[in-house]
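Student: I'd like to learn how to read a protein model. Could you walk me through one?

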Amino acid sequence: PGVGSPGADGGILMPMKVGLLIDHWDPRRGGAEACMDLLARHLVRAGHEVCIVGASAQGELPGPFQCVRGMGLSRGVRERRLGRNMTAAARGLGCDVTVAVRHVEQPSVLWLHGGAHLATLEGRWRAAHGGRALPAALAVRGRHRTFVDLERRALAGAERGGAGRVICPSPLVAAELKRCHPKAAIPRVVIENGVDLERFHPGLRADARAQLHSQLGLPTDLPLIVTGARNPLLKGVPHLLRALHQVPGPWCFVLAGPKRARAWARRARRAGLKDEGVRVLADLAPEILAAGADLCVQPTWRDPCPLVTLEALAAGTPVVTTALSGLATCVEQAGGVVIPDPSCEDALAAAVTRSLAEPPSPERVRAAVAGRGVGPWMEAVEAVLLES
């Protein structure tokens, strides 16, 4: 319900002043930054006031920006002070509710897009060490000790200086928090991430496909296998490069979004893939990537709720992923394939081969996310803020 309309108890919902706490405001980076931007614009349309509090901001802002710093000799000290200063600044601005996507002191709502920090460390370690488990002695060292400690305090509840409520973007994150913080008593609610169902749509596939093939200089009938990854190592791309040797051609593999595009192009060549069969792009319009591909492959070592996967499904593109994705169940419902983990390279190759040969219809793929539009998603988050 919007501001000025009856609430669940029959009362009238009044406008809120909401403080959005985030290190760097830049929606172009995607992920948590893009989600916060969607929330901010939804709240403004609903009649609420939005203030952004962080260390820096880029791009168009939906409300006033308050710059804060965290000074200190060590990274841990700086992180603690930055979080504390964010909360203090929001209070100084008169915010009724605060929403944080990072670990700060006493936010009204902690929106944990990244999931449990210890689970993040475990995923990164497995990706870098061939699937081996993270040694307990190395789990929380340096600045990571600070993050885990701040997270533990946040999950202790408002009475102990923590958050009022926690929003988990997928059941995977809720399970991670239960495993990593078994004593946490703070209320947790799962609000699964949504996607712009108009921007990503099967009706755009023909034009997007033609545009993508033209941009890459490829024949229009050549199948395209795509992966979107800012961190290809964590997303299992090295395993995928090896698995692709077993996939009958012709096809072209497109890796979009890595920070070091040239380095990953060289890595693909070292893996034995020919130049004409690989394209690595630092930047590609998300709607073109999602709708222009024949298959999206996300063999991740860990991903709480990958927007690339959601966008592909909304566009009718089948997906191959792993059980370590927060969207694994959704991918299965869409007729895609879920393998145990990226190190199962034979299973990954078989899944890609099968998906190219016998893809589910775009309509079936789309149906798996048909109820996950941006509007219902943001309304659910707004409802949590109104209750906080």
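Tutor: Let's go from the whole chain to one helix and then one loop residue. Keep in mind that this is a predicted model.

Student: Okay, what helices and strands does the protein chain have, and how many of each?

Tutor: Counting elements is a handy way in. The protein chain holds 14 helices and 15 strands. Its C-alpha trace spans about 60 × 50 × 35 Å along the principal axes.

Student: What does the radius of gyration say about the protein chain?

Tutor: You compare it with what a compact globule would have. For 388 residues that would be near 21 Å, and the chain has 21 Å, so the two agree. Buried residues account for 53% of the 388. Also, of the contacts between residues at least 6 apart in sequence, 64% join residues at least 24 apart.

Student: Which residues touch the most other members of the largest nonpolar core?

Tutor: That core has 35 residues, and Leu216, Leu313 and Val369 are the ones touching the most other members. Elements giving two or more residues to this core include H6, strand E10 (224–228) and helix H10 (307–314).

Student: Let's stay with H10. Is H10 mostly covered or mostly open?

Tutor: For a helix, you ask how many residues are buried. In H10 that is 6 of 8, so to speak a mostly covered helix. The buried ones are Thr309, Leu310, Glu311, Ala312, Leu313 and Ala314.

Student: What covers the buried residues of H10?

Tutor: The cover includes helix H13 (362–367), strand E13 (295–298) and strand E14 (319–322), along with H9 and H11. Zoom in on Leu313: leaving aside neighbours within four places in sequence, its contacts include Val319, Cys330 and Val369. After H10 comes Gly316, with a positive phi near 85°.

Student: Now a loop residue. Where does Asn193 lie, and is Asn193 buried or exposed?

Tutor: Asn193 sits in the loop between strand E9 (188–190) and helix H6 (205–216). Being in a loop doesn't settle the matter, so check the accessibility: Asn193 has 3% relative accessibility, and under 20% counts as buried.

Student: Which residues is Asn193 in contact with?

Tutor: Look beyond its neighbours within four places in sequence, and you'll find Cys35, His113, Pro169, Cys305, Leu307, Leu310, Arg372 and Trp377. Take His113: it is 80 residues from Asn193 in sequence, yet their C-alpha atoms are 9.1 Å apart in space. Leu310 ties back to our helix, as one of the buried residues of H10.

Definitions and conventions. Residues are numbered from 1 along each chain as its sequence is written. This is a predicted model: local features need pLDDT of at least 70, side-chain atom pairs count only at pLDDT 80 or more; totals for chains, interfaces and linings use all residues. Side-chain values use heavy atoms; hydrogens and water are left out. Helices (H or I, at least four residues) and strands (E, at least two) are DSSP runs, numbered from the N terminus. The radius of gyration is taken over C-alpha atoms; the globule rule is 2.2 Å times the number of residues to the power 0.38. Buried means under 20% relative accessible area, exposed over 50%, partly exposed in between (1.4 Å probe, protein chains only). Contact means heavy atoms within 4.5 Å. A nonpolar core is a set of buried Ala, Val, Leu, Ile, Met, Phe, Trp, Tyr and Cys residues joined through side-chain atoms within 4.5 Å.
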